[in-house]
Amino acid sequence: MTILVTGATGNVGRQVVEHLVKRGADVRALVRDPSKADFPAGVSVVQGDFLDVDSLRNAMSGVSTLFLLSAVVPDEFTQALIALNVARSAGIERIVYLSVIHADLYVNVPHFAGKFGVERMIEQMGFKATILRPAYFIQNDLTVKDVITGYGAYPMPIGLKGLAMIDVRDIAALELLRREQAAAPLALDRINLVGPQTLTGTDIAAIWSDVLARPIHYGGDNTEGFEQNLKQFMPAWMAYDMRLMGERFLTDGMLPEAGDVDRLTKLLGRPLRSYRAFAAETVASA
């Protein structure tokens, strides 16, 4: 009984691998570059790529449960669909797919629309799967730590609707184990992954002000400026994709549904980590 984790060298995938190993699972990690595969002892590393079908066939051979995480790339939908088809051919019935909250609402945002398409294909192909729908990851803000501390501004376009930000460490590897250990494949399910609070841009600036003991202001509603800044270190298409996402933050937010927080808390067996705890930990480790 082997769990295959894709996207294993990224922040989310690495956390999933580590949590599974701690719970005694037999883990196989799919990576493009094995030299970056710094995993706990016992993890089987296999080199592969979603567009290299033979490598996928090799990686999925003998696998019972699949964690499907696809990167934000122009052909994300194609890559995920190939992976699903190869998984079905390999006889894998138990799948956990990392989508995104409100994938069916942010219909004009390319990487949201791609993930919603994958969700539909999972349904249409009859997979027994859990679709995890995370809100904004708190750890995304590590990329703007220097702006916050150096310029006294929180620049992310969060807006006033609010985002139910989640700590990346709260990804439920337990859901993979639940599917892996079930006597028979479990029915299709969706789980919103949310944090304990829904925070606005001004809320987050206030948290940083408290933690740093100096004023931090919120200046993130300028999505055009956000796009231009992103273009300095990512492709223009991706910067535009992120801008469109930011605009939906402003108009719609990322809001939990009733019962989401209680469900996650029960699943994890502990309270969800807060943004304030993240900010304090970030400052303490600087």
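## Exercises on a predicted model

Helix α4 is where glycine 117 is found. Helices here are DSSP runs of H or I with at least four residues, strands are E runs of at least two, and both are numbered from the N terminus. The model is predicted, so local features need pLDDT of at least 70 and side-chain atom pairs count only at pLDDT 80 or more, while totals for chains, interfaces and linings use all residues. Residues are numbered from 1 along each chain as its sequence is written, and side-chain values use heavy atoms, with hydrogens and water left out.

**Exercise 1. State whether glycine 117 is buried or exposed, and how far its C-alpha atom lies from that of leucine 81.**

Step 1. Take the cut-offs: buried means under 20% relative accessible area, exposed over 50%, and partly exposed in between, with a 1.4 Å probe and protein chains only.

Step 2. Glycine 117 has a relative accessibility of 18%, and therefore counts as buried.

Step 3. Glycine 117 and leucine 81 are 36 residues apart along the chain, and 9.2 Å separates their C-alpha atoms.

**Exercise 2. Describe the overall dimensions of the protein and compare its radius of gyration with that of a compact globule.**

Step 1. Count the elements: there are 11 helices and nine strands.

Step 2. The C-alpha trace spans about 55 × 40 × 40 Å along its principal axes.

Step 3. The radius of gyration is taken over C-alpha atoms, and the globule rule is 2.2 Å times the number of residues to the power 0.38. For 286 residues the rule gives a value near 19 Å; the protein has 19 Å, which agrees.

Step 4. Of the 286 residues, 51% are buried.

Step 5. Contact means heavy atoms within 4.5 Å. Among contacts between residues at least 6 apart in sequence, 73% join residues at least 24 apart.

**Exercise 3. For helices α7 and α9, compare the span with the expected span, and find what packs on the buried residues.**

Step 1. The expected span is 1.5 Å times one less than the number of residues in the helix.

Step 2. Helix α9 (residues 236–252) has 17 residues and reaches 24 Å from first to last C-alpha, close to the expected 24 Å. Helix α7 has 12 residues and reaches 17 Å, close to the expected 16 Å.

Step 3. The buried residues of α9 include Met238, Met242, Met245 and Phe249. An α-helix has 3.6 residues a turn, so residues three or four places apart point the same way. The buried residues of α9 pack against α4 and α8 (223–230).

Step 4. In α7 the buried residues are Gly201, Ile204, Ala205, Ile207, Trp208, Ser209 and Leu212. Their cover includes α5 (145–151), β7 (153–154), β9 and α11.

Step 5. Look past the helix ends: glycine 253, just after α9, takes a positive phi of about 70°, and α7 is followed by alanine 213, with a positive phi near 60°.

**Exercise 4. Histidine 102 and alanine 213 each have a positive phi; find where each lies and whether it is buried or exposed.**

Step 1. Most residues other than glycine have a negative phi.

Step 2. Histidine 102 has a phi near 60° and lies in the loop between β5 (94–98) and α4 (110–124). Its relative accessible area is 15%, so histidine 102 is buried.

Step 3. Alanine 213 lies in the loop between α7 (201–212) and β9 (217–218). Its relative accessibility is 69%, so alanine 213 counts as exposed.

**Exercise 5. Which residues outside the local sequence touch aspartate 170 and leucine 188?**

Step 1. Aspartate 170 sits in the loop between β7 and α6 (173–181), and at 1% relative accessibility it counts as buried.

Step 2. Beyond neighbours within four places in sequence, aspartate 170 is in contact with Leu268, Arg270, Leu272 and Arg273.

Step 3. Leucine 188 is in the loop between α6 and β8 (189–193), and counts as partly exposed at 33% relative accessibility.

Step 4. Not counting residues up to four places away in sequence, leucine 188 touches Ile122, Glu123, Phe127, Ala129, Ile131 and Arg179. Its C-alpha atom is 5.8 Å from that of threonine 130, 58 residues apart along the chain.
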